[in-house]
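Please open the model in your viewer with a cartoon representation and keep the sequence panel at hand. The tour below proceeds by selections, each followed by a description of what is found there.

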Amino acid sequence: MLHAEMLRDLKPAAASADVADWPARFTALHQAARDPRLRAFYAAGAVAGDTPLQDVPLLALDVETTGLNPSIDGIVSVGLVPMTLDRIRASQGRHWLLKPRVPLDDEAITLHGITHQQLSQAPDLDDVLAELLSIMAGQVMVVHCRDIERQFLDHGLRRRLGEGIEFPVIDTMALEARLHRRARPSLWQRLWRPAPAPVSIRLAASRARYGLPRYRLHHALSDSLASAELLQAQVAHRFSPQTELRELWH
């Protein structure tokens, strides 16, 4: 997961932004998809929005990238961890190193700890796509900043297949933003009260507020595990296992 402060340079995703009925959307996407792997992914369907969270099949997802612009940057690793509200199946987690189609610069190497040598024999995203989509099929993704995971996978598929991908997510960063978003202060407050310090909604800072331990940052598998644990804490403190999925998904 990239630094949240850097996300100001990332434009919000247009695709999937306002989907209210994901099952209906998947039906339409299945009919329109040309690649057989995408058709199989959409054929698995999407969970209904009125499903209680305790019954939702969840899959924590994280991607690490060469930069922040999905139009020109690429994916260097993907991590997946299956989960429910009461269990994280870390032993079933998957992690892929992927060879991007753009150069990996020194800043990305420093951030992720992934070297040119490690990626020299790594597969392309297209080589693991069938397995990746088969694991994602029928699940709701849990991410920390949906504009990273969805945009980079969408652009990565467009470059390879000529068609992108859409899928529902629960965004733990957006859930933190809901809680810490401040109302615009009145003129009186702006004149006489000092502005409170901004609250970080980065993954590590969000986890710390719930007493969760620190993990290695910018590793796709550990960041997906960290997002999974964060969602469990958020639901336990602020929602309920009976909360309907539509209240949290995007």
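## Starting from the central strand

Select strand β1 and show its side chains: both of its faces are covered, with L58, A60, D62 and E64 buried on one side and L59, L61, V63 and T65 buried on the other. In this model, which is predicted, eight of the eight residues of β1 are buried, so the strand is largely enclosed by the rest of the structure. The two sets of side chains follow a general pattern, in that side chains of a regular strand alternate between the two faces of the sheet.

## Widening to the sheet

Now add the other strands to the selection, and an open sheet of five strands appears, in the order β3-β2-β1-β4-β5 and with mixed pairing. Its edges are formed by β3 (94-97) and β5 (169-171), each of which pairs on one side only. On average, and with direction ignored, neighbouring strands of this sheet are turned by 25 degrees against each other.

Which helices pack on this sheet? Helix α6, residues 146-161, is one of them, touching β1, β2 (75-83), β4 and β5, and its direction makes about 75 degrees with that of β1. Helix α10, residues 220-238, also packs on the sheet, where it touches β1, β2, β3, β4 and β5, while its direction makes about 40 degrees with that of β2.

## Following the pairing across the sheet

Hide the helices for a moment and look at the partners of β1. With β2, strand β1 pairs in the antiparallel sense over eight bridges, and L59 is found opposite P82 of β2. With β4 (residues 140-143), in contrast to that antiparallel pairing, β1 (residues 58-65) pairs in the parallel sense over three bridges. To inspect this parallel pairing residue by residue, select L58, whose bridge partner in β4 is V140, then L59, which stands opposite M141 in β4, and then A60, whose bridge partner in β4 is V142.

Moving on to β4 itself, show its side chains: V140 and V142 point one way from the strand, M141 and V143 point the other way, and all of them are buried. From β4 the sheet continues to β5, with which β4 pairs in the parallel sense over three bridges; here V142 stands opposite I170 of β5.

## Two helices with a buried face

Bring the helices back and select α5, residues 125-136, whose buried residues are L125, V128, L129, L132, L133 and M136. Seen down the axis of α5, these buried residues fall within an arc of 145 degrees, so they line one face of the helix. The background to this is that an α-helix has 3.6 residues a turn, so residues three or four places apart point the same way. What covers the buried residues of α5 includes α2, β1, β2, β3, β4 and α6.

Next select helix α1, residues 22-32, in which W22, F26 and L29 are the buried residues. Viewed down the axis of α1, its buried residues fall within an arc of 65 degrees, so they too line one face of the helix. These buried residues of α1 pack against α2 (36-43) and α6.

## The α7 and α10 pair

Return to α10 and add helix α7, residues 172-180: the axes of the two helices come within 10 Å and cross at roughly 35 degrees. The crossing of α7 and α10 is left-handed. To see the contact, show T172, L175, E176, R178 and L179 in α7, which meet S227, L230, L231, Q234 and R238 in α10. The residues of this contact of α7 with α10 divide into four nonpolar, three polar and three charged.

While α7 is selected, pick A177, which also has its place in this helix. Is A177 buried or exposed? Its relative accessibility is 19%, under the 20% cut-off for a buried residue, so A177 counts as buried. Draw a distance from A177 to S206, and the C-alpha atoms are 9.9 Å apart in space, with the two positions 29 residues apart in sequence numbering.

## Stepping back to the whole chain

Finally, clear the selections and view the whole protein, whose secondary structure comes to 10 helices and five strands. Of its 250 residues, 48% count as buried. Among the contacts in the protein with a separation of 6 or more, 72% are accounted for by residues 24 or more positions apart.

Key
Residues are numbered from 1 along each chain as its sequence is written. This is a predicted model: local features need pLDDT of at least 70, side-chain atom pairs count only at pLDDT 80 or more; totals for chains, interfaces and linings use all residues. Side-chain values use heavy atoms; hydrogens and water are left out. Two strands pair if DSSP finds at least two bridges between them. Helices (H or I, at least four residues) and strands (E, at least two) are DSSP runs, numbered from the N terminus. Axes are lines fitted to C-alpha atoms, for helices over the stretch in contact, and angles run from 0 to 180 degrees between N-to-C directions. Contact means heavy atoms within 4.5 Å. A crossing is left-handed if the near helix is turned anticlockwise from the far one by less than a right angle, and right-handed if clockwise. Ala, Val, Leu, Ile, Met, Phe, Trp, Tyr, Cys and Pro count as nonpolar, Asp, Glu, Lys and Arg as charged, and the others, Gly among them, as polar. Buried means under 20% relative accessible area, exposed over 50%, partly exposed in between (1.4 Å probe, protein chains only). The arc is that of the directions from the helix axis to the C-beta atoms.
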